[in-house]
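Open your viewer, choose a cartoon view, and keep the selection box handy. We will go from stop to stop, picking a few residues each time and looking at what is there.

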Amino acid sequence: MKADAVRGHLDGLLLAVLETGPLHGYAIIAAVQDRSGGVLELRTGTIYPALNRLERIGLLSSSWQSAGERRRRCYELTDAGRRTLANERTAWSEFTTAIGSVLNPATPPGLAT
């Protein structure tokens, strides 16, 4: 899928995969790819700036965790992040309903009486 298709929805995608608990960057990428059936492939150069921005505005918090000899930054939703995710889901539902109404009208144009 083209990167343009994800633009504008990246925050919602990141917040959604973090809803179940803390994850590090590569696990976030894998979760998005897995949930999308392999259609969405995010790059590290895309998600890390977004994660940092979401943390800066208070939607995520992060902490360093050790995994063997490695340390990884794990991200998790804040209360504000959970509220924002709920708003993202509402906005997405309204958007897809509106687009669906145009692309697949209940009554095709020209048949309405």
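Which residue's side chain does a polar contact of 3.0 Å join to the side chain of His 24? Select His 24 and show its side chain: the partner is Arg 72. Before you go on, please keep in mind that this is a predicted model.

**Stop 1: around His 24**

Stay with His 24, which sits in strand 1, a stretch covering residues 23-24. Is His 24 buried or exposed? His 24 is buried, because its relative accessible area is 17% and buried means under 20%. Leaving out residues up to four places away in sequence, His 24 touches Arg 72, Arg 73 and Cys 74. Add Cys 74 to your selection, and you will find this residue of strand 3 standing opposite His 24.

**Stop 2: the sheet**

Now colour the strands. You should see an open sheet of 3 strands in the order 1-3-2, with antiparallel pairing. Strand 1 and strand 2 (60-67) are the edge strands, each pairing on one side only. Select strand 3, residues 70-77, and look towards strand 1: the two run antiparallel and are joined by 2 bridges. Then look towards strand 2, which pairs with strand 3 over 8 bridges, again in the antiparallel sense. To see one such pair, pick Ser 61 and its bridge partner in strand 3, Glu 76.

How many residues lie between strand 2 and strand 3 in their hairpin? There are 2 residues between them, and Gly 68 in the turn has a positive phi of about 70°. Another glycine to pick is Gly 37, just after helix 3, with a positive phi of about 65°.

**Stop 3: helix 3 and its cover**

Select helix 3, residues 25-35. Its buried residues are Gly 25, Ala 27, Ile 28, Ile 29, Ala 31 and Val 32. What covers them? Show the surroundings, and you will find that the cover includes helix 2, strand 1, helix 4 and strand 3.

**Stop 4: helix 2**

Next, select helix 2, residues 10-17. How many of the 8 residues of helix 2 are buried? The count is 6, so helix 2 is largely enclosed by the rest of the structure. To highlight the buried ones, pick Leu 10, Gly 12, Leu 14, Leu 15, Ala 16 and Val 17.

**Stop 5: the salt bridges**

Side chains of opposite charge can pair when their charged atoms come close. A search of the whole structure finds 2 salt bridges.

For one of them, select Arg 53 and Asp 11, whose closest N and O atoms are 2.6 Å apart. This pair links distant parts of the chain, with Arg 53 in helix 4 and Asp 11 in helix 2, 42 residues apart. Arg 53 is partly exposed, with a relative accessible area of 30%, and Asp 11 is partly exposed too, at 23%.

For another, select Arg 89 and Glu 19, whose side chains meet at 2.7 Å, N to O. Arg 89 lies in helix 5 (residues 79-103) and Glu 19 in the loop between helix 2 and strand 1, so this pair ties together parts that are 70 residues apart in sequence. Arg 89 counts as partly exposed at 42% relative accessibility, and Glu 19 is partly exposed at 32%.

**Stop 6: Tyr 48**

Move to helix 4, residues 44-56, and pick Tyr 48. Tyr 48 is partly exposed, with a relative accessible area of 26%. Which residues does Tyr 48 contact, leaving aside its neighbours within four places in sequence? Show Gly 25, Tyr 26 and Tyr 75 to see them. Now try the distance tool between the C-alpha atoms of Tyr 48 and Val 102: they are separated by 35 Å, and the two residues are 54 apart along the chain.

**Stop 7: a patch on the surface**

Finally, turn on the surface and select Trp 92, Phe 95, Ile 99 and Leu 103. Together they form a nonpolar patch on the surface, with about 430 Å² of accessible area. Pick Ile 99, which is found in helix 5. At 39% relative accessibility, Ile 99 counts as partly exposed. An α-helix has 3.6 residues a turn, so residues three or four places apart point the same way. Look along the helix axis with that in mind.

Terms used: Residues are numbered from 1 along each chain as its sequence is written. This is a predicted model: local features need pLDDT of at least 70, side-chain atom pairs count only at pLDDT 80 or more; totals for chains, interfaces and linings use all residues. Side-chain values use heavy atoms; hydrogens and water are left out. Helices (H or I, at least four residues) and strands (E, at least two) are DSSP runs, numbered from the N terminus. Buried means under 20% relative accessible area, exposed over 50%, partly exposed in between (1.4 Å probe, protein chains only). Contact means heavy atoms within 4.5 Å. A polar contact is a pair of N or O atoms within 3.5 Å; within protein, one must be able to donate a hydrogen and the other to accept it, and residues adjacent in sequence count only if both atoms are side-chain atoms. A salt bridge is a side-chain nitrogen of Lys or Arg within 4 Å of a carboxyl oxygen of Asp or Glu. Two strands pair if DSSP finds at least two bridges between them. Patches are made of residues with over 30% relative accessible area and no salt bridge: like charges are joined within 9 Å, nonpolar side chains (Val, Leu, Ile, Met, Phe, Trp, Tyr) within 5 Å. Accessible areas come from the Shrake-Rupley method with a 1.4 Å probe; for residues, only the protein chains shown count as cover.
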